[in-house]
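User: Please take a close look at the part of this structure around the ligand. I would also like to see how that part connects to the rest of the fold.

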Amino acid sequence: MLTITGLHAGYGRLRVLHGVDLEVGDGELVAVIGANGAGKTTLLRTISGLLRATGGEVRLDGARISGLAAEKVAATGLAHVPENRLVFPTLSVDDNLRLGAWTRRRAKDNGSAGRDRVLELFPRLAGRLGQAAGTLSGGEQQMLAVGRGIMARPKMLVLDEPSVGLAPRVVTEIMRALARLRDEENLTIVLVEQNARAAFKVADRVYLMDRGRVVLEGTPAALLDDVRVQHAYLGGGYSAPPTDSGS
Ligand SMILES: Nc1ncnc2c1ncn2[C@@H]1O[C@H](COP(=O)(O)OP(=O)(O)O)[C@@H](O)[C@H]1O
Ligand SMILES: [Mg+2]
């Protein structure tokens with residue numbers, strides 16, 4: 001479904017991605033983990049066309065999407081749920097969801113089926129459709145941000161750290177919804193997370209990024225034993241014990 005080959009990107013003269021290769025199969029839920037600053041957000045922004053690749057390519061369902069503007073990428077069926085659960089705070093929950101449907105590919109659907117699905121996945125939003133999104137709790141806002149992403153009926157959903165700052169119980173609810181979207185709709189998902197523990201529970205495969213490169217890839221079970229993954233769990237501040245230099 002998604003094939004990324006030798007991807008380079010950055011900000012002006014700052015190069016952040018140094019040749020990322022990554023593949024996501026149809027209906028697969030792949031997690032991308034790594035310490036703060038590893039380039040995870042940059043990778044997602046490059047996939048969804050918000051940032052221009054300076055080398056390599058991204059293909060979605062066989063078609064090259066790198067080089068396309070973000071609206072064009074969205075129109076091919078890729079939905080991006082950005083970091084910091086961006087919702088329109090003064091608009092109602094319902095209007096936020098409607099805005100998510102504007103790029104939908106199936107013109108016949110007026111969006112109500114999508115909304116029903118969102119409310120089924122996140123029942124807490126059901127009683128709050130008329131409420132201003134800015135007055136929701138952090139967890140509810142994240143559910144709304146995810147819900148808005150699936151309103152477009154995408155083939156592929158990419159999410160940037162949906163668990164940040166949320167209570168473990170809410171994180172579980174969101175991860176469960178992602179697993180259901182994969183299992184029940186065969187939705188292909190890329191989940192960027194610093195919360196590796198949460199991501200490992202639902203991911204089929206995991207990529208570990210470090211300083212703009214993929215350094216490890218495998219199943220959650222295989223990666224759990226790896227010291228580099230334990231490093232990622234602990235964040236950027238962790239450093240390995242000093243090696244004996246023979247003094
Ligand atoms: N808008 C930006 N302008 C300049 N540098 C940026 C910008 N966004 C991120 N960076 C830099 O790119 C690197 C990777 O950041 P990012 O992709 O946000 O990492 P992660 O999401 O893994 O924490 C960091 O060194 C960060 O400072
Ligand atoms: Mg980030």
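Analyst:
**The surroundings of ligand 1**

The residues around ligand 1 are Tyr 11, Leu 14, Val 16, Ala 35, Asn 36, Gly 37, Ala 38, Gly 39, Lys 40, Thr 41 and Thr 42. The model is a predicted one. Sorted by class, this shell holds five nonpolar, five polar and one charged residues.

Three of these residues have atoms to look at in detail. At Thr 42, a polar atom of the side chain lies 2.5 Å from an oxygen atom of ligand 1. The side chain of Thr 41 has an N or O atom 2.8 Å from an oxygen atom of the ligand. With Ala 38 the backbone is involved: one of its N or O atoms is 3.2 Å from an oxygen atom of ligand 1. Ligand 1 taken alone exposes 560 Å², and the protein buries 59% of that area.

Which elements give two or more residues to the shell? They are strand 2, residues 14-24, and helix 1, residues 40-47. Helix 1 supplies the largest share, three residues.

Both elements lead to an open sheet of four strands, which has the order 2-1-4-5 and antiparallel pairing. Strand 2 and strand 5 (63-64) are at its edges; each has a single partner strand, so one side of each has no neighbour in the sheet. Further in, strand 1 (residues 2-11) pairs with strand 4 (residues 55-60) in the antiparallel sense, over five bridges. One point to look up is Leu 2, whose bridge partner in strand 4 is Leu 60. Helix 1 packs on this sheet and touches strand 1, strand 2 and strand 4, with its direction at about 115 degrees to that of strand 1. Helix 1 therefore has two roles to note in this picture: it gives residues to the shell around ligand 1, and it packs on the sheet so described.The rest of the fold includes another open sheet, in which six strands follow the order 6-7-8-3-9-10 with mixed pairing. Strand 6 (78-81) and strand 10 (213-218) stand at its edges with a single partner strand each, so one side of each is left without a neighbour in the sheet. From one strand to the next the twist averages 20 degrees.

Within this sheet, strand 7 (residues 156-160) and strand 8 (residues 188-193) are parallel and share five bridges. Met 156 has Thr 188 of strand 8 as its bridge partner. Helix 5 (residues 138-151) packs on the sheet, where it touches strand 6 and strand 7, and its direction makes about 170 degrees with that of strand 6. Helix 6 (residues 168-185) lies across strand 3 (29-33), strand 7 and strand 8, at about 155 degrees to strand 8.

Towards the other edge, strand 9 (residues 205-210) pairs with strand 10 in the antiparallel sense over five bridges. Here Val 206 has Gly 218 of strand 10 as its bridge partner. The hairpin of these strands has two residues between them, and Arg 211 in the hairpin takes a positive phi near 45 degrees.

Two loop residues also have a positive phi without being glycine. Asn 186, at about 55 degrees, sits in the loop between helix 6 and strand 8. Arg 85, at about 35 degrees, belongs to the loop between strand 6 and helix 3 (93-100).

Notes
Residues are numbered from 1 along each chain as its sequence is written. Chains are lettered from A and ligands numbered from 1 in the order in which they are written. This is a predicted model: local features need pLDDT of at least 70, side-chain atom pairs count only at pLDDT 80 or more; totals for chains, interfaces and linings use all residues. Side-chain values use heavy atoms; hydrogens and water are left out. A residue is near a molecule or strand if one of its heavy atoms lies within 4 Å of it. A polar contact is a pair of N or O atoms within 3.5 Å; within protein, one must be able to donate a hydrogen and the other to accept it, and residues adjacent in sequence count only if both atoms are side-chain atoms. Accessible areas come from the Shrake-Rupley method with a 1.4 Å probe; for residues, only the protein chains shown count as cover. Ala, Val, Leu, Ile, Met, Phe, Trp, Tyr, Cys and Pro count as nonpolar, Asp, Glu, Lys and Arg as charged, and the others, Gly among them, as polar. Two strands pair if DSSP finds at least two bridges between them. Axes are lines fitted to C-alpha atoms, for helices over the stretch in contact, and angles run from 0 to 180 degrees between N-to-C directions. Contact means heavy atoms within 4.5 Å.
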